[in-house]
Amino acid sequence: MSQFTNQEKEEKLLYLECYSGISGDMTVGALLDLGASRNVLEETIKSLGVGGYHLHFGRKLKCGIDAYDFDVHLEEEEHGHGHDHDHDHDHKHGHDHDHKHGHGHDHDHKHDHKHDHKHDHNHDHTHSHPHIHRNIQDIFEIIDRMHSEEPVKELARKMFRIVAEAESKAHGIPVEEVHFHEVGAVDSIVDIISVAVCMYDLGITDVVVSSLAEGRGYVRCQHGVMPVPVPATANIAASHGLELKLTDNEGEMVTPTGAAIAAALRTKDVLPEHYIIEKIGVGAGNKDFKNANILRAMLIRKTEDRQKQSYNEEKLWILETNMDDCTGEALGFVMECLMEEGAKDVWYTPAYMKKNRPAYVLRILCTEDKQKALEAAVFAHTTTIGIRRWPVERTVLEREIRQIESRYGTADVKTCRTGSEEYNYPEYESVRKICREQGLPFTEVYHALKEDAAGR
């Protein structure tokens with residue numbers, strides 16, 4: 001079952017191309033451009049009961065590329081500071097830990113409102129509390145009262161939890177003590193929940209995320225001037241294995257909210273070898289770099305190689321090591337362990353090593369995801385101190401194990417097909433059982449079962 005939907009659906013793969021970074025508003029814009037319902041989004045956000053902002057929906061050109069421009073305009077900033085803010089940075093997590101007063105609003109949110117086309121603003125003036133601080137539990141309560149499906153709420157909680165854990169580590173305080181300043185938290189609440197709503201509405205089942213392009217230098221936040229990537233973003237990348245790619249652009253390209261979105265959404269590491277792009281959505285960023293500041297979201301449909309009609313091509317790995325001081329019992333035991341751990345095949349080859357010592361070469365055929373567990377088993381149960389590995393490809397015929405009624409009784413046969421050809425291979429245990437019970441020669445039973453399988 002997908003983490004994004006509450007029912008089994010046809011696989012729907014999303015690819016986020018983050019070659020100009022990623023932020024919350026860029027992601028929402030890209031998903032809306034893909035076809036996520038704006039009406040559903042607005043109604044869901046309205047059900048939060050949080051005010052002090054209005055939503056912007058429009059289009060803008062980024063280096064000549066038409067992109068969807070989504071933004072959350074915070075009304076206190078507009079009324080109190082003029083119209084010069086930069087919401088492309090998700091440093092709205094003030095994390096003040098004093099619940100009383102004296103909250104100076106030094107946000108330095110320079111925002112360039114150069115929207116080239118139409119401006120469509122959805123206003124929500126209810127419940128504006130500019131001096132409230134919310135912790136993670138307060139955020140979860142807002143999410144819980146949202147009028148939406150449970151997978152939407154759970155994905156929103158997951159993204160906020162990732163941000164809170166990263167900020168907790170950055171500031172050296174427990175997660176429960178991380179507080180989100182109201183002026184900034186509203187922006188992040190809307191961005192994160194909007195992403196969850198759009199993902200569910202689009203019916204996405206899996207997500208591949210590219211490397212995240214990041215800038216360099218420093219950025220001014222509420223706590224002062226911080227290096228890029230800022231601590232929260234760096235912590236998220238480190239904790240969730242996100243790949244960063246540094247560029248020569250000055251400033252921040254990956255925000256903490258953007259990093260949390262990438263970490264929470266990613267379910268696969270690589271794209272299929274063969275695929276078709278069914279639709280593209282482009283979300284606009286608010287900054288201008290020498291490259292287009294956009295996030296591309298692509299709906300991907302996996303396709304089969306035209307040559308793959310009745311067989312499959314697999315990408316596998318071979319693990320290999322030499323051993324000249326390991327007992328036969330240990331070698332037999334480790335083979336059992338490796339097969340139990342999911343190896344495709346395991347075999348030994350006799351060899352002579354240095355000083356003319358008799359030895360064995362252990363080779364393991366496995367999928368990439370099994371490498372670590374299989375290597376751990378080899379190190380645990382043998383005397384080797386090193387393992388070699390390299391990728392291989394193999395062609396595998398379509399096959400099935402079927403039960404036939406043969407001249408000798410019931411037997412299992414492996415049937416393989418390629419094109420119009422069919423090959424039948426009696427299973428050893430069935431041949432052995434018939435030979436034992438009926439006192440017949442192995443080759444006679446084997447060939448008889450092949451004939452009976454071909455005739456049925």
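**Entry: helix α1 and what follows it**

I began with glycine 35, the residue that follows α1, and found its phi to be positive, near 125 degrees. The model I am reading is a predicted one, and I keep that in mind for every value in these entries. I then went back through helix α1 itself, residues 24–34, where eleven of the eleven residues are buried, so the helix is largely enclosed by the rest of the structure. I noted the buried residues by name, among them Gly24, Asp25, Met26 and Thr27 at the beginning of the list and Leu32, Asp33 and Leu34 at its end. Asp25 and Asp33 I marked separately in my notes, as two aspartates that are listed as buried.

**Entry: the chain as a whole**

For context I looked up the overall composition, and the chain has twelve helices and 19 strands. Of its 456 residues, 51% are buried. I also looked at the contacts in the chain with a separation of 6 or more, and residues 24 or more positions apart account for 73% of them. The exposed surface comes to about 22,400 Å², of which carbon and sulfur atoms supply 48%.

**Entry: strand β2**

Which strand holds lysine 62? I found lysine 62 in strand β2, which covers residues 53–62. I wanted to know whether this lysine is buried or exposed; its relative accessibility is 4%, and because of that value it counts as buried. A polar atom of the lysine 62 side chain lies 3.2 Å from the backbone oxygen of glycine 285. Setting aside neighbours within four places in sequence, I listed the contacts of lysine 62 as Ala284, Gly285, Asn286, Lys287, Asp288, Ala292, Asn293 and Ile294.

Histidine 56 is also placed in strand β2, and with a relative accessibility of 0% it counts as buried. I looked for a side-chain partner and found aspartate 69, whose side chain is joined to that of histidine 56 by a polar contact of 2.9 Å. I then turned to phenylalanine 57 and noted that arginine 38 lies over the face of its ring, at 4.1 Å from the ring centre.

**Entry: cysteines**

How many disulfides does the count give? The count comes to zero disulfides. I looked at two cysteines individually: cysteine 18 is buried at 0% relative accessibility, and cysteine 366 is buried with a relative accessible area of 0%.

**Entry: aromatic pairs**

I next went through the aromatic rings, and the count comes to four aromatic pairs. In one of them, the rings of tyrosine 348 and tyrosine 360 have their centres 6.3 Å apart and their planes at 75 degrees, so I recorded the pair as edge-to-face. This pair links distant parts of the chain, since tyrosine 348 belongs to strand β15 (residues 345–353) and tyrosine 360 to strand β16 (residues 357–366), twelve residues apart. Tyrosine 348 counts as partly exposed at 21% relative accessibility, a value I checked against the cut-off, which calls a residue buried under 20%. Tyrosine 360 is partly exposed as well, with a relative accessible area of 40%.

Another pair is formed by tyrosine 428 and phenylalanine 442, and this one is tilted, at 6.1 Å centre to centre with 35 degrees between the planes. Tyrosine 428 lies in helix α11 (residues 428–438) and phenylalanine 442 in helix α12 (residues 442–454), so the pair ties together parts that are 14 residues apart in sequence. Both rings belong to residues in the partly exposed class, tyrosine 428 at 49% relative accessibility and phenylalanine 442 at 38%. I followed the ring pairs further and found that they link Tyr428, Phe442 and Tyr446 into a cluster.

**Entry: glutamate 341**

Where is glutamate 341 placed? I located glutamate 341 in the loop between α9 (328–340) and β15. Glutamate 341 is partly exposed, with a relative accessible area of 36%. From C-alpha to C-alpha, glutamate 341 and alanine 373 are 7.0 Å apart in space, although 32 residues separate them in sequence. Not counting residues up to four places away in sequence, I noted that glutamate 341 touches Lys370, Ala373 and Leu374.

Key: Residues are numbered from 1 along each chain as its sequence is written. This is a predicted model: local features need pLDDT of at least 70, side-chain atom pairs count only at pLDDT 80 or more; totals for chains, interfaces and linings use all residues. Side-chain values use heavy atoms; hydrogens and water are left out. Helices (H or I, at least four residues) and strands (E, at least two) are DSSP runs, numbered from the N terminus. Buried means under 20% relative accessible area, exposed over 50%, partly exposed in between (1.4 Å probe, protein chains only). Contact means heavy atoms within 4.5 Å. Accessible areas come from the Shrake-Rupley method with a 1.4 Å probe; for residues, only the protein chains shown count as cover. A polar contact is a pair of N or O atoms within 3.5 Å; within protein, one must be able to donate a hydrogen and the other to accept it, and residues adjacent in sequence count only if both atoms are side-chain atoms. A disulfide is a pair of cysteine sulfur atoms within 2.5 Å. Rings of Phe, Tyr and Trp (its six-membered ring) pair if their centres lie within 6.5 Å; planes under 30 degrees apart count as stacked, over 60 as edge-to-face and the rest as tilted. A charge sits over a ring if NZ of Lys or CZ of Arg is within 6 Å of the ring centre and within 35 degrees of the ring normal.
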